[in-house]
Amino acid sequence: MSEAPLVNITIDGKQYQAPKGANLLLTCLQLGEGTDGSYPDQNEGGEHYVPHFCYHPGLTVSGNCRMCFVKTRQMVKRGDQMVPMEMMTTSCTNVVAEGLEVFTKTPDVQKVRAGIMDLELINHPLDCPECDKAGECSLQDYAFDHGHAASKFDFEKVAAHIKPLGDKITIWGTRCIQCSRCIRVADEVSGTSELCFVNRGDRTVIDVFPGKPIDNPLAVNTVEVCPVGALKNRDFLYTARVWNLDEMPGTCGLCAKGCSTRVDSLKGKVTRVMARENPNVNDFWLCDRGRLDYKWINSPKRIDLPHTKSGTVGWQKGYELAAEGLKAAAANPGKSWAIANAAMTNEELFLFKKLVDKLGVSNVVVMSEPDVAPLDFPGFKAPADGNANRGGVAILLGVSDCAATVQQFAEACAKGDAENVFVWAGLPHGTPEDVTRALGGQAVKNIVAVDFQRSMLSELANVTLPSTTYVETAGSWINSELHLQAFRAAMRHPIEGRVGTELLQELLYVLDEAETEGEDSTRGTPQGVGTDDPLGAPITQRGWEGASTIPVFAGSGEVAVKSRKTIVGAAAVFAQMAEEVPQFGGHTHLSLIKSHGAKLV
Ligand code: SF4
Ligand code: SF4
Ligand code: FES
C-alpha cells in the first residue's frame, strides 16, 4: 500500500485504518480475517471479500463489469449540516476516505450482485463440464455464491467465435464476459496492444487485428488474468482438471530475474507454471518462456539411482565409487577440476566450495546457460542472463566470468591437464556441449558426476549420482538485481534423485570417514542434535568441527537423522552460510520466504 496518511474506515462494522486514497476494492480484499495482505483469488478471499471481474491490482481500473458493488455511508454537507449519505457504488472505482463506512454483505448489496450475475450469464453457455477453467473460474464461483438458481432468460443465446488468437492462445468468445483485463494486459504490461473488442452490444467479443496474432513474449499473461474460460493457454488445454492439481509456490530459474511462480503439478509432473505475486521482482507477471519451458522437468531420462558405465548401482555403492573418484582427485589436485553450474542454489554452492576445499582442488569451473533474449516491455523487464544464480556463484565461488573458466577447462583437457573431474550438472537445458566435448578427451580418466537425468555426461562419467531439478529443491538464489530469494521445493517428481545439499553432505561425510579410517570413532552427529547415538549405541562424538566439513547446524528445525549421521535441510545450510559469508548475514531462509526476498547491500 502507498505511504499516504492513514484514515479511519469501517467495513462491515469493523474499524480499520487504511491509506487515504487507496483503492476501496483492494482495501476490502486485503483487510480482515482470512487475508495475508496479498491479492486473493475468489477461493482465498477474506471476511470482506468483494466479488469482481474487471479489477486487477496490476492493471488500471476500468470499472466495466459492475460486479464489485458495495454500499457506502459517508457524512456529506447539506446546506450547513452534515448528513449521512448512503449509496450503492462500485468499490473498484472508489477510494478510501476518512469516516467511510462500507457494507459488503447487506441484502441490498447481495441483490445487486444477483442482478449483475443474471446479466453476465445471459449469453454464457453451460460449458462448465468441458471448460478448462471450471474449478478456478470466478464466474462459476460467483454464480454459486451470488447468482440465482435458474436463468430468467428464455432466448436463444448469442454465439461468438472460437478460434486461435496466436500460437499460444485460443479464445472461446462465447464465454467472454467483456471484462477487458486481457486488453489492458496487452496495452499496459506488454504494450503490444494486439487485443481489442470488436462488434457492439451482445455481439461484443475479443479479437486480434487481422493478420496480427498475439504472440509476444508475455502473451500468456492475458490467459492468466482472464477470470473465465474465454482465453485458454493451448499448452495446458485439456491436460488436467484443475482440482486435481497440486499447487505449490516456486521460483523460476530460467533467467536471472527469478520470478515468483506457482507450480501446478499432476502426479509429480509439471502441467503448468503460473505467476505468483511478488512486488519486489515480477509483480503479477511471468514471461512465456518461464511459463512454457518446463518439459525438461518431466524428462523421461530422469534417474533415481546412481549408475556407472556398466549399469545401475545402489546408493551406498554409488557414494563409495564417488568417494573413490574424489579421493583420486584429492591425491592429484593439479590435474583435478571441479565443475559447478550457475543454476545451483547458494546452499549447494556453499557446500560445493567446502567439498572442493577439502579435496584441495583449486581448478573451479562454472558452466552456464547461454544468454536469452532480454525483455524490455512497459510493465515487465528481464535480463539476457539465462542463469538463475550468477550472483551466488560470484560470492561463493569467486567466479565472475563463467565462460572463461569453461575455456580454461577445455584447454586443460586438450593439453592432458585434466585427469579427474567432479561435475555438478543440472542446468535446465543440459550440460553445455563444449564441456561434454572436453570431458570426452583422452586424458580425462575419472569423472564423478551429479545430474538429474541420463545424458552424454552420464555416459562418460565413471559414476553419476542422481539429483533433483530446482523445482524439487529448497534453496536460494541471487538475481541480476542482487535480490536474494529463498524457496522451498515446489513438487516431488516420481523419479527423483536426492537434493543437492543432501548429496554434498553425504560426500563430505564419506570423505570425512575416509580421513579418520582406523580411528576409534564412528560417524559423528553434528552438534545441536545431541550426543546420543540415535540407534542406541554410545558413540564418540566427532561431529564436523575442525578439519572436518561444516560445523554446527543447531536449531534449524529441519534436521533429518539418517542412520548415524545427520543430514540437514537447505534452511539449516543457509543458517550456517549466513554465519560464515557476510553477504548472507542477517537473513534466514524463512525470513526471505516471508518477505519475498531481500536486496543485498
Ligand atoms: S477474454 Fe477473458 S479477460 Fe478478455 S475480456 Fe473476455 S473475459 Fe475478460
Ligand atoms: S523473466 Fe526469467 S525468471 Fe521470469 S518467468 Fe521469464 S524466464 Fe522465468
Ligand atoms: S471490478 Fe469493479 S466494476 Fe468490475
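## A buried tryptophan and its partner

Let's start with W296: it's buried, and its relative accessible area comes to 10%. Keep in mind that what you're looking at is a predicted model. F452 is buried as well, with 1% relative accessibility. Both values fall under the 20% that marks the limit for calling a residue buried.

## The aromatic network

How many aromatic pairs does the structure hold? The count is 13. One of them joins W296 to F452 in a tilted arrangement, with the centres 5.9 Å apart and 55° between the planes. W296 sits in the loop between α6 (288-292) and β14 (307-308), while F452 sits in the loop between β21 (446-451) and α12 (456-460), so this pair ties together parts that lie 156 residues apart in sequence.

The two rings have further company: ring pairs link W296 and F452 with Y470, W477 and F487 in a cluster.

## Charges over rings

Rings also pair up with charged side chains here. R272 lies over the face of F236, 4.4 Å from the ring centre. The charged end of K257 sits over the ring of F380, at 4.7 Å from the centre. Both K257 and F380 turn up again in the shell around ligand 2.

## Around the two ligands

What surrounds ligand 1? Its shell runs through C176, I177, Q178, C179, S180 and C182, then I206, and on to C226, P227, V228, A230 and L231. By class, that makes ten nonpolar residues, two polar ones and no charged ones.

Ligand 2 is surrounded by C252, L254, C255, K257, G258 and C259, along with L286, C287, R289, G290, F380 and A382. This shell has eight nonpolar, two polar and two charged residues. Which secondary-structure elements each supply at least two residues of this shell? They are α6 and β19 (380-382). α6 is also the helix at one end of the loop that holds W296.

## The second largest pocket

If you're hunting for open space, the second largest pocket has a volume of about 550 Å³. It's lined by 27 residues, and the ones closest to its centre are L121, L126, C128, A143 and H148.

Two helices, α2 (107-121) and α3 (138-146), each put at least two residues into the lining. Which gives the most? That's α3, with four residues. As for chemistry, the lining splits into 15 nonpolar, six polar and six charged residues.

Note on methods:
Residues numbered from 1 in each chain as written. Chains lettered and ligands numbered in written order. Predicted model: local features only at pLDDT ≥ 70, side-chain atom pairs only at ≥ 80, totals over all residues. Heavy atoms only, no water. Phe/Tyr/Trp six-rings, centres within 6.5 Å; stacked < 30°, edge-to-face > 60°. Buried < 20%, exposed > 50% of the residue type's maximum accessible area, 1.4 Å probe, protein only. Lys NZ or Arg CZ within 6 Å of the ring centre and 35° of its normal. Near = heavy atom within 4 Å. Nonpolar A, V, L, I, M, F, W, Y, C, P; charged D, E, K, R; others polar. 1 Å grid on protein atoms, 1.4 Å probe; cavity = no way out; pocket = protein on both sides within 12 Å on 5 of 7 lines; lining within 4 Å. Points joined across faces, edges and corners; volume = space filled by probe spheres on them.
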